[in-house]
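Q: Could you take me through this structure and show me how to read the way its helices pack?

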Amino acid sequence: MSERRLGVVMNGVTGRMGYNQHLVRSVLAINAEGGVALADGSRVLLDPMLLGRDAEKLRALSERHGVRRWTTDLAEALADPEDSIYFDAQVTTARVDAVRAAIAAGKHIYAEKPIAEDVPAALELARQAAAAGVKNGVVQDKLFLPGLLKLRRLIEGGFFGRILSVRGEFGYWVFEGDWQVAQRPSWNYRAEDGGGMALDMFPHWNYLLENLFGRVEAVYARTATHIPERVDEQGRTYRATADDAAYGIFELAGGVLAQINSSWAVRVHRDELVEFQVDGTEGSAVAGLRDCRIQHRGATPKPVWNPDLPNAHSFRDGWQSVPDNAVFDNGFKVQWEMFVRHVVEDAPFPYDFLAGARGVQLAAAGLESAREGRRVEVAELTL
């Protein structure tokens, strides 16, 4: 079995997501398993170049994981022709310029979402990448969660009949940072630094909805900054200028209606941090990160509203777990493998910069709807 090296510039690996999901659980995990398997039986080992602003953090990561190459210089990182892929997990405000430089250097590009803060910038990147002939992709990890893969299996198997509606609940309480340290970085709550729930999560909801149920054609949304003051990593109180919650109703092609609540100011009373209930004429399902439960038409109870008597029926007991029937790998890792195959052997990869631009478009439409208090139509994007 032959092996080959593929150099990957990884920008933003000192951040929580870039380090945990992309460096450790994806790139290093792929190498630990012998590389990405190709159709011809050969394998690709990834050779990361760590890139960031903090030299001490990069040096520590290099020593901890035995990664021999790191730099704080973007131009230096992009100069080596042996590094075919540029990956970006920086804060959103820094992404466009770095990706633009990577396109000019002829790199294939894989990036976290959102790929830009606004639609014109996102479309510009998609057009520049297409003109340069470089392959490009955007992280759409939630499509590869076990619970959502089970949900896709149900859809493709016709379990629901005609799908009527989707209801999603996402979020948890992010501590303010005063009496307990916040579990998300402070920039998430500053609009000037690219923060905000709608910009963060509506791109996720866009790719989930369009890949599972249909393209989003219109949105009505409300945003809120429920916690107006927070405390940053240095113990300084700051004003939260970005929304920490976003509530959206999405009209999908084909008539399906979706409503998704997203909040970092909510306490969890559900089985998982995100759950989607899908109701159809023949059955319903509730899918989370890992689990999926179903209730078929024939097993649906017949509730009768009577507030004068205690409810004697346990509604949860009437739902059945969907079996795994497969081995589910880390979703970030699975998509990394897909992108590497796309670069090396031209395997399909539908989650390109244009798909990323559609996510930014939905976030922008949601924010416009919230500002103006009206329903906003979402036009089809093209290059």
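A: Two packed helices are described by the angle between their axes and the distance between the axes. In this predicted model, helix α7 (residues 197-212) packs against helix α9 (residues 353-372) with the axes 7 Å apart and at an angle of about 120 degrees. That angle makes α7 oblique to α9, and the crossing of the two helices is right-handed.

Q: Which residues of α7 and α9 make the contact?
A: From α7 the contact takes Ala-198, Leu-199, Phe-202, Pro-203, Asn-206 and Glu-210, while α9 contributes Arg-358, Gly-359, Val-360, Leu-362, Ala-363, Gly-366 and Leu-367. Sorted by class, the residues of this contact are eight nonpolar, three polar and two charged.

Q: How would I read the packing of α1 and α8, and at what angle do their axes cross?
A: The same two descriptors serve, the angle between the axes and the distance between them. Helix α1 (residues 16-32) and helix α8 (residues 331-345) have axes that come within 9 Å and cross at roughly 60 degrees, and α1 and α8 are therefore oblique to each other. The crossing in which α1 passes α8 is right-handed. On the α1 side the contact is made by Met-17, Gln-21, His-22, Arg-25, Ser-26, Val-27, Ala-29 and Ile-30, and on the α8 side by Phe-332, Lys-333, Trp-336 and Glu-337. By class, the contact of α1 with α8 has six nonpolar, three polar and three charged residues.

Q: Turning to the whole chain, how many helices and strands are there?
A: The chain has nine helices and 18 strands. Its radius of gyration is 22 Å, close to the 21 Å that the globule rule gives for 383 residues, so the chain is as compact as a globular protein of that length. The C-alpha trace spans about 70 × 55 × 40 Å along its principal axes, and 52% of the 383 residues count as buried.

Q: What share of the contacts join residues at least 24 apart in sequence?
A: Among contacts between residues at least 6 apart in sequence, 70% join residues at least 24 apart.

Q: For a single residue to follow on the model, which residues does Gln-277 touch?
A: Gln-277 lies in strand β14 (residues 274-280). Leaving out residues up to four places away in sequence, Gln-277 touches Ser-165, Val-166, Arg-167, Ala-285, Val-286 and Trp-319. As a distance to check, the C-alpha atoms of Gln-277 and Arg-293, which are 16 residues apart along the chain, are separated by 9.4 Å.

Terms used
Residues are numbered from 1 along each chain as its sequence is written. This is a predicted model: local features need pLDDT of at least 70, side-chain atom pairs count only at pLDDT 80 or more; totals for chains, interfaces and linings use all residues. Side-chain values use heavy atoms; hydrogens and water are left out. Axes are lines fitted to C-alpha atoms, for helices over the stretch in contact, and angles run from 0 to 180 degrees between N-to-C directions. Helices (H or I, at least four residues) and strands (E, at least two) are DSSP runs, numbered from the N terminus. Angles under 35 degrees count as roughly parallel, over 145 as roughly antiparallel, 65 to 115 as roughly perpendicular and the rest as oblique. A crossing is left-handed if the near helix is turned anticlockwise from the far one by less than a right angle, and right-handed if clockwise. Contact means heavy atoms within 4.5 Å. Ala, Val, Leu, Ile, Met, Phe, Trp, Tyr, Cys and Pro count as nonpolar, Asp, Glu, Lys and Arg as charged, and the others, Gly among them, as polar. The radius of gyration is taken over C-alpha atoms; the globule rule is 2.2 Å times the number of residues to the power 0.38. Buried means under 20% relative accessible area, exposed over 50%, partly exposed in between (1.4 Å probe, protein chains only).
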